[in-house]
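Here's a quick walk through the fold, going from the overall layout down to a few individual residues. Keep the 3D view open as you read.

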Amino acid sequence: MAAHNDTGVRGEQLAAGLLEAKGYQILDRNYRFEQGEVDLVALRLDPAELVFVEVKTRSGYYGEYPEAAVTPAKQQRIFKAADCYLYEKKLFTLPVRFDIIAVLIPPQGDPVFHHIEDAFRA
């Protein structure tokens with residue numbers, strides 16, 4: 001696996017841990033439908049809502065924050081995958097939210113997280 005893929009997988013694992021520490025339950029990872037993908041699907045219990053999370057990880061700062069990579073086109077692919085997830089799992093009664101978790105993994109030291117709740121809307 002390429003180094004950037006390893007970084008992405010590590011970032012998703014770290015983001016899942018962050019959500020679990022906040023009391024979320026991870027329902028799915030890397031849910032795919034056609035060209036769309038949702039990195040993490042989580043359930044928040046209080047208040048109850050289904051959260052679709054896009055994780056963007058960088059191993060250093062390259063002049064752009066990781067969350068800037070979630071373009072409108074990327075958001076549209078996430079919306080499509082989320083719609084399919086809701087239909088497939090028959091989860092129509094819960095409110096839905098779309099979050100971004102940006103993860104910066106410095107060469108030395110602990111990862112830095114930026115959890116943006118309700119980052120974009122369908």
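Let's start with the layout. The protein chain has two helices and five strands, and from the N terminus they come in the order α-β-β-β-α-β-β. Bear in mind that this is a predicted model.

How does the radius of gyration fit a compact globule? For 122 residues a compact globule would come out near 14 Å, and the protein chain has 14 Å, so the two agree. Taken along the principal axes, the C-alpha atoms fill a box of roughly 45 × 30 × 25 Å. Buried residues make up 40% of the 122 in the protein chain. If you take the contacts between residues at least 6 apart in sequence, 55% of them join residues at least 24 apart.

As for the outside, the accessible surface is about 7100 Å², with 51% of that belonging to carbon and sulfur atoms. The protein chain carries 14 positive and 18 negative charges, and the mean positions of the two sets sit 2 Å apart.

**The cores**

In soluble globular proteins, nonpolar side chains tend to be buried together. Here, the largest nonpolar core counts 16 residues, and V38, V41, L50, F52, Y85, F98 and F120 have the most contacts inside it. Two or more residues each come from β2 (36-45), β3 (48-58), α2 and β4 (96-104). Helix α2 gives the largest share, seven residues.

Y85 is a good one to click on. Not counting residues up to four places away in sequence, Y85 touches L27, D28, Y31, V41, L50, F52 and L91. There's also a second, separate core of 14 residues, which includes A16, Y24, I101 and I105.

**Two residues on helix α2**

Q75 lies in helix α2, which spans residues 72-89. Is Q75 buried or exposed? Its relative accessibility is 18%, and since buried means under 20%, Q75 counts as buried. Beyond its neighbours within four places in sequence, Q75 is in contact with V70 and F120. F120 is also among the residues with the most contacts inside the largest core.

R77 is in helix α2 too. At 35% relative accessibility, R77 counts as partly exposed. Which residues does R77 contact, leaving aside its neighbours within four places in sequence? They are Q35, G36 and E37. R77 and E37 are 40 residues apart in sequence, yet their C-alpha atoms are 7.0 Å apart in space.

**Backbone oddities**

Now for the backbone. The peptide bond from D46 to P47 is cis, with omega near 0°. P47 belongs to the loop between β2 and β3.

Two residues that aren't glycine have a positive phi: N30, at about 55°, and K90, also at about 55°. N30 sits in strand β1, residues 25-33, while K90 is in the loop between α2 and β4. With a relative accessible area of 31%, N30 is partly exposed, whereas K90 is exposed at 64%.

Here are the relative accessibilities of the residues we've looked at, side by side:

| Residue | Relative accessibility | Class |
|---|---|---|
| Q75 | 18% | buried |
| N30 | 31% | partly exposed |
| R77 | 35% | partly exposed |
| K90 | 64% | exposed |

Definitions and conventions. Residues numbered from 1 in each chain as written. Predicted model: local features only at pLDDT ≥ 70, side-chain atom pairs only at ≥ 80, totals over all residues. Heavy atoms only, no water. Helix = DSSP H or I, 4+ residues; strand = E, 2+ residues; numbered from the N terminus. Rg over C-alpha atoms; globule rule 2.2 N^0.38 Å. Buried < 20%, exposed > 50% of the residue type's maximum accessible area, 1.4 Å probe, protein only. Contact = heavy atoms within 4.5 Å. Areas by Shrake-Rupley, 256 points an atom, 1.4 Å probe, with all protein chains shown as cover. Lys, Arg positive; Asp, Glu negative; His and termini not counted. Charge placed at Lys NZ, Arg CZ, Asp CG, Glu CD. Core = buried A, V, L, I, M, F, W, Y, C linked by side-chain atoms within 4.5 Å.
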